[in-house]
Amino acid sequence: METARVLVAADKFKGSLTAVQVAERVTAGLRRVVPDVRVETLPVADGGDGTVAAAVAAGFERREARVTGPLGDPVTAAYALRGSTAVVEMAEASGLQHLPDGVFAPLTATTYGSGELLLAALEAGATTLVFGVGGSATTDGGAGMLAALGARFLDADGKPVGPGGGPLAELAEADLSGLDPRLADIDLVLASDVDNPLTGPKGAPEVYGRQKGASEEDIAVLDAALAHYASILGPETAALPGAGAAGGIGYGALVALGARFRPGIEVMLDVLGFAPALARATLVITGEGSLDEQTLHGKAPAGVAAAARAAGIEVVAVCGRLALPPEALEKAGIRRAYALADLEPDPAVSMAQAGPLLERAAESIARDFLPR
């Protein structure tokens, strides 16, 4: 009988395991039952936090730069480089992970460091930039990013407006003539798992502002300020899918940098070399921390399952918790899901013991799906 060839292409289990660790634990569990199983691992991400790590695991070189964090303090941010392609993750520079516990700055957090990180990739010779956006601490419409790249945002007195989305209410003039000229010659791909517009009931402040510490009053201020900002830069672009990604940084990239918006998981599967890895597999194992309704809307497991189903290859999933009925899994192309919550119902214990539990889940997959 032919030896099974398993491709493990899972995202992180947020708060407990990185995508690389998920792949390691699944591999260990499979081999405990079928020692000679061939396993190829391809940690994946959908453009949000973990995107650079996934690229590095796929063979990109990790690079670091000192940039401005969301509160204005310097932080160390990483990006990934292979040849002339760079994977830049805005959360590395402007993400929630750079905020001290319980400290938020919904009106003044800036994406300036994300612009500096893009510049670092340009300096390294990148001509294709995959810009993964998600997990931001910011709602500034990408104004900080554009300022770092050479744009000027001035108030009625000709002075630069302050950092963050709130001060954009005072914007009188946007001067994009100073943008780095190299930006005209690059291919900038905006990779995101959200397709929200910039403002309105489905816009960045309303949908994502609260997780960045915004009060109801702050949300109203930010929505009005971003609408004013867009009225000066280009209101049509504000309605495009992805404009509201990562506090509106998507809008800044689309309106001023000529970015192309693509679902993050599609971009990352291309960049990571998923298609040739898939061609070598007889079974695909995907997953993430929570398989739920959100998974079906552009998250990594849905993208992996769709591609595998199109190739006629069976897919199973691992997860911390499962909140999808079997018919929804089947519709997504996932034959069966193995949840850690079924092995350990206490969520705190399940997260703390995610590694060993995941190995046990993988043992079950081996018994159920691999020839022995």
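**Entry 1: the hairpins**

I take two strands as paired if DSSP finds at least two bridges between them. With that settled, I looked at the hairpin of β4 and β5, where two residues lie between the strands. G83 has a positive phi there, near 60 degrees. I note here that the model is a predicted one.

β4 and β5 run antiparallel and are joined by four bridges. I checked one position and found Y79 standing opposite V88 of β5.

Next I went back to the hairpin of β3 and β4, which has five residues between its strands. Its positive phi belongs to G72, near 100 degrees. I count β4 as residues 74-82, and its antiparallel pairing with β3 runs over eight bridges. I looked up two positions along this pair: V67 is opposite V75 in β4, and R66 has T76 as its bridge partner.

**Entry 2: the mixed sheet**

Which strands make up the open sheet with mixed pairing, and in what order? I read six strands, ordered β3-β4-β5-β6-β9-β10. At its edges I find β3 (61-68) and β10 (260-263), each pairing on one side only. Direction ignored, neighbouring strands are turned by 30 degrees against each other on average.

I then looked for helices on this sheet. α4, residues 112-123, lies across β3, β4, β5, β6 and β9, and its direction is at about 140 degrees to that of β3. α9, residues 264-272, lies across β4, β5, β6, β9 and β10, and runs at about 90 degrees to β10.

**Entry 3: α4**

I checked the length of α4. Its twelve residues should span 16 Å at 1.5 Å a residue, and the end C-alpha atoms are 17 Å apart, which agrees. I list as buried G113, S114, G115, L117, L118, A120, A121 and L122. After α4 comes G125, with a positive phi near 100 degrees.

**Entry 4: α7**

I ran the length check again on α7, residues 216-233. The expected span for 18 residues at 1.5 Å each is 26 Å, and the end C-alpha atoms are 26 Å apart, which agrees.

Which residues of α7 are buried? I find D218, I219, L222, A225, L226, Y229, A230 and L233. Around the axis they cover an arc of only 140 degrees, so they are on the same side of α7. On the other side I note E216 and E217 as exposed.

I traced what the buried residues pack against: α5 (143-148), β7 (152-154), β8 (173-175), α6 (204-208) and α8 (245-256). G234 follows α7 and has a positive phi near 155 degrees.

**Entry 5: the parallel sheet**

I read another open sheet, of five strands in the order β2-β1-β11-β12-β13, with parallel pairing. β2 (38-41) and β13 (336-339) are at the edges; each has a single partner strand, so one side of each is without a neighbour in the sheet. The average turn between neighbouring strands is 25 degrees, direction ignored.

I looked closer at β12, residues 314-322, which runs parallel to β13 and is joined to it by four bridges. V318 is opposite Y338 of β13.

Two helices were looked up against this sheet. α11, residues 300-310, packs on it and touches β11 (283-291) and β12; its direction makes about 160 degrees with that of β11. α15, residues 354-369, lies across β11, β12 and β13, at about 150 degrees to β13.

**Entry 6: two loop residues**

I located T295 in the loop between β11 and α11. Is T295 buried or exposed? Its relative accessible area is 2%, which is under the 20% cut-off for buried. Its side chain reaches the backbone oxygen of S290 at 3.3 Å. Leaving out residues up to four places away in sequence, I list its contacts as E288, S290, P301 and A302.

I then turned to P325, in the loop between β12 and α12 (326-332). P325 has a relative accessible area of 35% and I enter it as partly exposed. I also took one C-alpha separation: P325 and E293 are 32 residues apart along the chain, and their C-alpha atoms are separated by 9.9 Å.

Key. Residues are numbered from 1 along each chain as its sequence is written. This is a predicted model: local features need pLDDT of at least 70, side-chain atom pairs count only at pLDDT 80 or more; totals for chains, interfaces and linings use all residues. Side-chain values use heavy atoms; hydrogens and water are left out. Axes are lines fitted to C-alpha atoms, for helices over the stretch in contact, and angles run from 0 to 180 degrees between N-to-C directions. Contact means heavy atoms within 4.5 Å. The expected span of a helix is 1.5 Å times one less than its number of residues. Buried means under 20% relative accessible area, exposed over 50%, partly exposed in between (1.4 Å probe, protein chains only). The arc is that of the directions from the helix axis to the C-beta atoms. A polar contact is a pair of N or O atoms within 3.5 Å; within protein, one must be able to donate a hydrogen and the other to accept it, and residues adjacent in sequence count only if both atoms are side-chain atoms.
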